[in-house]
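Please explain how selected side chains are placed in the structure shown below, with attention to aromatic residues and to burial.

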Amino acid sequence: MFGAPLSTAFGFDVELSCDVLEMVLQSHSTTPDHIAVVSGTERVSYRHLMLMASHNAASLEEAGLKAGECLLCGVDAGVELSVVWLSAMMVGAVLIPIDLSWPANRMAAVLASTRARFVYVPRGEAPRPELCGLTCLEVSTDCDDATLPPRTSRSSANTNLYGFFTSGTTGTPKCALNHHAGVANRFRYMSRYFGDGHVVYQNSAPLFDSSIWQLLWPLTSGGTTIIPYRRELWDLDCVVEHIRRHQVTMTDFVPSLFKVLVRALEQGAICPSHLQSLQYVLIGGEAIDPVSVHSFRRILPGVHIINTYGHTEASIGMVFHQVRDTDAGAIPLGRPIDNTYVRIVGPQLEVLPDGIVGEVVVGGICVGNGYLNEPELTEKSFVPNLFPDVPGAFVYRTGDRARVREDGLLEFHGRHDHQVKVRGVRIELDEVNARFREAFVQVRDAAAVVVNAAQGDATLALAYTAERAIDVCELRKELGRLMPLTHIPQYFLHLQTLPVSPNGKLDYTAIAAAFIGSWQFFQAPTPAVSTQDQLLECFRQVLLSDGFCQDSNFFEWGGDSLAAVSLKVLIGARFNRTLALQTLYRHPTPLSLGAALFDGNAGTKAVEMAPLYSHTLRPWGQSQRRIQEILLTGATGFVGIHILERLLTSTALRVTVLLRGDTIESAQARLMSIYANAFTGRVLDTTRLKAVLGDLRSPCIGLDPQEWIQLTESVDEVIHSAAEVNFLSEPSHLYAANVQGTAELIRFCNESTFKRLHHVSSLAARCSLDGQVGVTGAELDEHARSNAINGYGYTKYLADRLILDAQAQGMRAKIYRIDDVLPSVSMGYSHKKSLVHLLLKLCLRLGQVPAGYGYIGLLPADRLANWICHFVAAPEAFDLLAQQVDVTAIEFVTFEALVAHCANRLGMSVSVVDHRDFVAQISERADCESMLIAGILAADTSKRVLFTDPSDVNLRESSRQRMGLTQYQELMVTLSEFEPFVERLAGELV
C-alpha cells in the first residue's frame, strides 16, 4: 500500500482548492510579456493570450452559454486551441474535445450524451450536417489592449473542467469527467518535480487527455507551449524540427511513436544534436518499451525519461517513475504523485500484500467525477471508498492488474477486461466486435484481439466467421462509417470457427496465434505508382509494417525463411516473374532487389561483412569459486530449451537466460510458451531462473553497462547455444549474431571472474583443412569461405575460429560441433523449421522419398542436452574433453529408412523417387514449405547428399572416442524410441 498524503484528512486546503485558471492568471500577473504560446509564425504573450480568452469568454456568455454546460471543441491546432480552453474556464463551461471527422453515428451519440448547444469549429470550415442543430463558433483573435481585462475563474475546485470520450463496452462512447482540483494537483506536482518555465511541445492530439498537461501546464508555471499550426498525420521530422527550432525542454510520446524516434536515431536518420535541448521526455498511454528507452538514454544521456501511468477518469496520470540504469528488465510504473493513492486489491476489494498481483484501485484528489449522464457505468467504476487511510468519498476501479514490488514501485501486469491500448488509444474490443457485426450481417461471430506485428508493435486485428471471406477494402470502408480510424483493425482473418478454450469461452490467445501463424494478414492497399513502390508494398505486406522503407533490410525487420518464401510468392504474382530465394538473400532491401530484378543489376553489392577479429585476453586464471550460476544463450532454441530443462530439473544451479524481445514480459512469455510446447503438461519452474533482455547482434550482447558488469561478477559458467540459423542466407546477414555475438561472450568470460565457456556449434562449420599441418589461418579462412555449403556454416566456422584463438590464449572453453538433431525421445518435441522435419513431413504428404540423401544420425535433442550438461559445473569432466568435439549419434539410418519407419507407424506408404523428379514435383506446389525446400534442394543439384555422407559414417568412430561415449551410453537410441514424435507428427499431417 502506498500513496502521498493529503494536506487534511477530510478535504482540500486553500492551496489545493485553487483551480487551473487561477494558476494561469498568476503566471500572467508575474510575467505578462513573456511568450506563452507559439504556433507557426505566431508568438503570443501572456497578456495578449488572456485578452483573447476574455474576449471569447464574453462572446460565449453573450451567446447564452452557462456555467456547467458542455462546450464542444472541434479546434485541434494553433493558438486558437489555447484560447478555447482558457475562455471555457472563464465562463465555467465543461470543455469536451471532439473530432469533426468522427462517423455520423458516433457524433450522434456524443451530441445525445452531452446535450451540447455550442461547438467551436476551425475558422472557415463548413459545419457538418450532424452539427446543424448546434451554434457553431469560431475563435476570435482580433483584440487589443482596449478589450476587457482578463476574467477571473468562476469555478471551484470540485467543478468539472473537461470531459474526454473513450470507448464503451456497449459500443457507445462514454465521456469521463474531471474536476479542477485533480488537474491542478497534477500541475503543482509537475512544477515541484520538474521546475518552472519549461518550453513544452504539444505532441499529443487534443482528443487525448495527455494533451492537457502539454497545453496548459506550461501556462501555469511561466513556461511556453509550442502548438502545431495545423494537425496532420504524425510526422517525426516535423516533431524533431519543432524541438530543435524552439529549444523545447519537455514533450510526451506514446511508446509506439517513441520507438520510431529511437529507430531513426539509431539508424542516423535523426541527428541527436537536434534534441539536445530536451531535459525530460514523458512516456505514457501504453506499456513502455525498455529496449527503446535505454537505447535513447545511451544516445542522449542528458535527457530524463519519465514513465507515466494514469487514467482518463483520474486526472490524466498520477503515477510517475524516472527511468534509471537499474531498470534493466521491465520498467516499473513508479509511485503515486502528491495527494494520490493506489491500492492493489482482490475480488472483494480487500487490500493485497505487496508482491501479489491484483486490481489497481486509485484514490485521492485525482479521482474524477464519473461518466457524463451514465449513472450505471459511473456506479460500476467509481465505488464508495472503504479504505480508511485514503481521503475522498469514492475510488476508481481501473481494471488494470499490478503489484507492488519489494522496492515499493508499482509494476504493471495487464488488464482484467477486454480494454486495450493501441498506440496510446484506449479501445474496447467489445465495441469493435459490435460495430463489425453491425456492419456485416453475414458475419456469424467476430473477435478483436491485439497482436504483435513487426518488431513487436501492438496492433489491432480481428478474426471473424462467415460463409466466405469479405474483401478487405469493403471491410475498412464500412467500418470507417461506424468507428474512428484509430479503432479500425489493421488486419483481418477469416476463419471457419473461432477457437474456444476447454471451458467453452473464446480463446483469445489462440486467436492471436492464428493471426501470427496464418500468413493471412490483409492490409488496405496504398497507391503505388512506380514499380519500385509496388515492390516496397510487397515487403510491407509480408512484414506487416508500413514503417519498412526502401533501404530497410528484410532480415533485420524480422524476415525469416518462410517469410522469404511468402515474399517470393507475392512478388511472383505481382510482377509475373520468378524470384530465386538466393536473389532475395543477396539483395535484402527493396532498393537493391529492385535493381537486381528490374535493372538487370544482379551484381548489386551485397551487405559487407565486418572483418573477423579476436580479443587479446588477460592472462587466464582459474576461478576458485563454487559454480552456482550459469548464463545460457539460446534458451528458446530447440537444443537450448532442453539444456534449460536439464539444468533446472537435475542440478541446483541458478540459471540466467539471455532473451530477445521488445520487453522482458514478452520475451519471458515466449520462453514459457516454448517450454510448455516442448514439455507437455509441465510448467517452467522459475525459482532459480532469471531472464535478462539482450541481443547477440549488439555490443555487450545487448546489455546495458551496469547489467553487463553485474553479470560478469555473478555468472560462473556460460553455455552458448544461440545462433541465427538460415541455410539460404548470406554470411553477412548472419555475421553479427553468430560471430560478433560469440566474440562478445568470449570477452564476457574474460572479465571479472574467469568463466568456462561451452560453445554449441555445428558440424556445418567443419572445414576439410581443419587440423592440417602448415595451413595458415588466412588459407583456412579462404578455403572455408569458398567450400562452405551455406552462409550459416561459414559464420559458425568463423565463430569456432574465435573460440580456438581464445583457447590458445588459455581460455577454458569447449566447442561442441553438433550433427543434425532429431526430436526428443521423451516428449516427441521437434524443431519444426529444421530441414529434416520439413522434408520428412513433405515426403509423407507426397508418399515419396528421394533416393541418396544420406544418413540421419539418431541424436535426440533431450539426450544431447543431457550429454552436454554432464560437463557443466563439472571441472574434472570438462578438462577431459578435447578442445573441439564433433558430437555425433551412435546409430545412423538412411533418410529413406526414417521416412519409411514414420510412414509405417502412421499406416501410410512411400515410394523411392529420383532427386530431380522430386525437386520438379515440389517446385510446382504452392505452399510455402514446399517452395522453401525446393529452393534449398535446387540451390545446387550437384550436392545430392543433404545429410551425412555414407562414407563419413565409419569416420565417426574417432569422434565417439573424443566424446567419451563409453561413459554416456544414453545417446544410444533406436528408431522405435521416437514413438512420441511420430504421435505428434500425426497431428501435423491432419
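Is Tyr193 buried, partly exposed or exposed? In this predicted model, Tyr193 has a relative accessibility of 33% and counts as partly exposed, because the buried class ends at under 20% and the exposed class begins at over 50%.

The aromatic surroundings of Tyr193 may be considered next. The structure as a whole holds 25 aromatic pairs. One of them joins Tyr193 to Phe194 in an edge-to-face arrangement, with 4.8 Å from centre to centre and 70° between the planes. Phe194 itself is buried, its relative accessible area being 7%. A further edge-to-face pair is formed by Phe194 and Tyr280, whose ring centres are 4.7 Å apart and whose planes meet at 65°. Phe194 belongs to helix α5 (residues 180-194) and Tyr280 to strand β13 (residues 280-283), so this pair ties together parts of the chain that are 86 residues apart in sequence. Tyr280 is likewise classed as buried, at 12% relative accessibility. These residues are members of one aromatic cluster, which consists of Tyr189, Tyr193, Phe194, Trp213, Trp217, Tyr280 and Phe320.

A second site of interest is Cys143. This residue is found in the loop that runs between β7 (135-137) and β8 (160-166). Cys143 has a relative accessible area of 14% and is therefore buried, since the limit for that class is under 20%. Which residues are in contact with Cys143, once its neighbours within four places in sequence are left aside? They are His48, Leu51, Met52 and His55. The C-alpha atoms of Cys143 and Ser54 are 9.6 Å apart in space, although 89 residues separate the two in sequence.

Burial can also be followed along a helix. In α20 (residues 705-714), the buried residues are Glu707, Trp708, Leu711, Thr712 and Ser714. An α-helix has 3.6 residues a turn, so residues three or four places apart point the same way. Among the elements that cover the buried residues of α20 are the strands β27 (629-633), β28 (654-659) and β29 (689-693), together with helix α21 (731-750).

Finally, aromatic rings also meet charged groups. The charged end of Lys755 sits over the ring of Phe748, at 5.2 Å from the ring centre. Arg756 places its charged end over the ring of Phe878, and here the distance to the ring centre is 5.7 Å.

Definitions and conventions. Residues are numbered from 1 along each chain as its sequence is written. This is a predicted model: local features need pLDDT of at least 70, side-chain atom pairs count only at pLDDT 80 or more; totals for chains, interfaces and linings use all residues. Side-chain values use heavy atoms; hydrogens and water are left out. Helices (H or I, at least four residues) and strands (E, at least two) are DSSP runs, numbered from the N terminus. Buried means under 20% relative accessible area, exposed over 50%, partly exposed in between (1.4 Å probe, protein chains only). Contact means heavy atoms within 4.5 Å. Rings of Phe, Tyr and Trp (its six-membered ring) pair if their centres lie within 6.5 Å; planes under 30 degrees apart count as stacked, over 60 as edge-to-face and the rest as tilted. A charge sits over a ring if NZ of Lys or CZ of Arg is within 6 Å of the ring centre and within 35 degrees of the ring normal.
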